[in-house]
Amino acid sequence: MTSNPYPLGLRLHGRRVVVVGGGAVATRRVPALLDAGADVLLVAPELTPALRARADAGRLHWVPRRFVPEDLDGAWLVQVAVDDPIAAASVSAVAAERRIFCVRADDRTAATAWTPAVTRHGPVTVAVLGGGDPRRAMTVRDAIRDLLAVRLAPDGIAGRPDASTGTTGGRQAGRVALVGAGPGDPELITVKGWRLLTEADVVVADRLVPGLLLDELRPDVELVDASKIPYGPSRAQEEINQILVDRALAGAFVVRLKGGDPYVFGRGGEELLACAAAGVPVTVVPGVTSSIAAPAAAGIPVTHRGVAHEFTVVSGHLAPDAPASLVRWDALAGLHGTLVILMGLKNLAAITATLIAHGRSPQTPAAVVQEATTGTQRVLRSTLGEVAADLRAADLRPPAVVVVGDVVGALDG
Ligand code: SAH
């Protein structure tokens, strides 16, 4: 067959798609069908655990037996994902008889439809057919994916508000995204966070946001450095809220980029409320939080089988005896699990003394991880009793996370 395939985007929502086979190929094909909203009927005597989980969750219908022609009743499309060429041929024969397009994993030449290599970028789907060579399709797809992720998105492919027409006539409604930038390594932002960043008209960034992420912004993006806003901490927050609201009301897509996760000691909630009060739509994109990533970067799992069945993340920015403190340090001292303290360097001596006074052993392993996941990461290992003094001696500085518990050292050989 030398003629070219005819590309189509099948709108499968609520439409029956039959998948024959329950092995590795079906496991790879089914998620995209479910994502398209298809009504998936899976015909296979046995399923992989991943497919089984989807069946158990009611996401698809499973008939635990071999294929019979009636399985194609009402179907719009069939995917044959079995190795046995005779079984596969019999399915495609029934499909052909009924004029149902049939994808065959075992034999591309016998198939009436091919699945392309796909990359998705927000609302855009790019599908590549390699003229019968799946490897060629994947190579081209990978190249396009890289281009979309790094360069092309800002120029409109990702559907950002049309800046060229936005200034005259009625303004477009703006919006705000609160995006977690991750702990420090620029590659630890989420795929969604990165996409929104490439679409932004205005970026309001924190001090702890990885600089390299900002390096790649288009020159016309307005970058507001939130850490340079003067006034005291609460006044500065009001100022930031105002900037988010003003820019969005003027029609801009504003990305508020925050270190780690926006809702972990990041005041993301206040920003969300300020936008909501002004009628500005907000989305929140979670981030990789330093409270888990910083220990991990130092080789410390926050939980470990047989060692810790809990971890508690706590802010140390107030001393334990400060009247405004909301933390029950006495109760935390009674826990066996992992304690992760953020913003705790200044008050560490008072914090460790309080934990010990309420019963946590001074021998409990402790570690401090400074600038985790960056090129300047430093790690100090110590004990609860000595970590405050060791910290001063080693001259560690913020941003740093303190980890207390037997998980420190759990992975040491
Ligand atoms: N929202 C952030 C935390 C903001 S509070 C998050 O989810 O990670 C700021 C504190 O986070 C710092 O004082 C420090 O304790 C911690 N922190 C942030 N980035 C860090 C990093 N790369 N290494 C160590 N600690 C970090």
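Start by selecting the ligand and the residues around it. In this predicted model, 17 residues surround the ligand, and the ones that come nearest are Pro183, Val264, Thr289, Ser290 and Ala400. Color that shell by residue type and you'll get 11 nonpolar, 4 polar and 2 charged residues.

Next, show the backbone atoms and hunt for polar partners of the ligand. Go to Pro183 again: one of its polar backbone atoms is 2.8 Å from a ligand nitrogen. Now hop over to Ala372, where a backbone N or O atom also has a ligand nitrogen at 2.8 Å. For an oxygen of the ligand, click on Asp261, which has a polar backbone atom 2.9 Å away.

Switch on a surface for the protein while you're here. How much of the ligand does the protein bury? On its own the ligand exposes 540 Å², and 92% of that is buried by the protein. As for the site itself, the ligand sits in the second largest pocket.

Stay with that pocket and pick Asp206 and Lys228. UniProt, in an unreviewed entry, lists these two under the feature "active site". They span 23 residues in sequence, but their C-alpha atoms are no more than 9.1 Å apart, so the pair gathers at one spot. Of this set, Asp206 is part of the lining of the second largest pocket, where the ligand also sits.

Finally, zoom out and color by domain. The assignment gives domain 1 (16–115), domain 2 (160–288) and domain 3 (291–409). Which domains each supply at least three residues to the shell around the ligand? Look at domain 2 and domain 3: each of them does. To finish, select domain 1 together with domain 3 and compare their positions: their centres, taken over C-alpha atoms, are separated by 52 Å.

Terms used:
Residues are numbered from 1 along each chain as its sequence is written. This is a predicted model: local features need pLDDT of at least 70, side-chain atom pairs count only at pLDDT 80 or more; totals for chains, interfaces and linings use all residues. Side-chain values use heavy atoms; hydrogens and water are left out. A residue is near a molecule or strand if one of its heavy atoms lies within 4 Å of it. A polar contact is a pair of N or O atoms within 3.5 Å; within protein, one must be able to donate a hydrogen and the other to accept it, and residues adjacent in sequence count only if both atoms are side-chain atoms. Accessible areas come from the Shrake-Rupley method with a 1.4 Å probe; for residues, only the protein chains shown count as cover. On a 1 Å grid over the protein atoms alone, a cavity is a set of points where a 1.4 Å probe fits but cannot get out, and a pocket is an open set with protein on both sides within 12 Å along at least five of seven lines; lining residues have an atom within 4 Å of a point. A molecule sits in a cavity or pocket if more than half of its atoms lie within 2 Å of its grid points. Ala, Val, Leu, Ile, Met, Phe, Trp, Tyr, Cys and Pro count as nonpolar, Asp, Glu, Lys and Arg as charged, and the others, Gly among them, as polar. Domain bounds come from an automatic or database domain assignment. UniProt positions are given in the numbering used here, feature names are shortened, and annotations may be inferred rather than shown by experiment.
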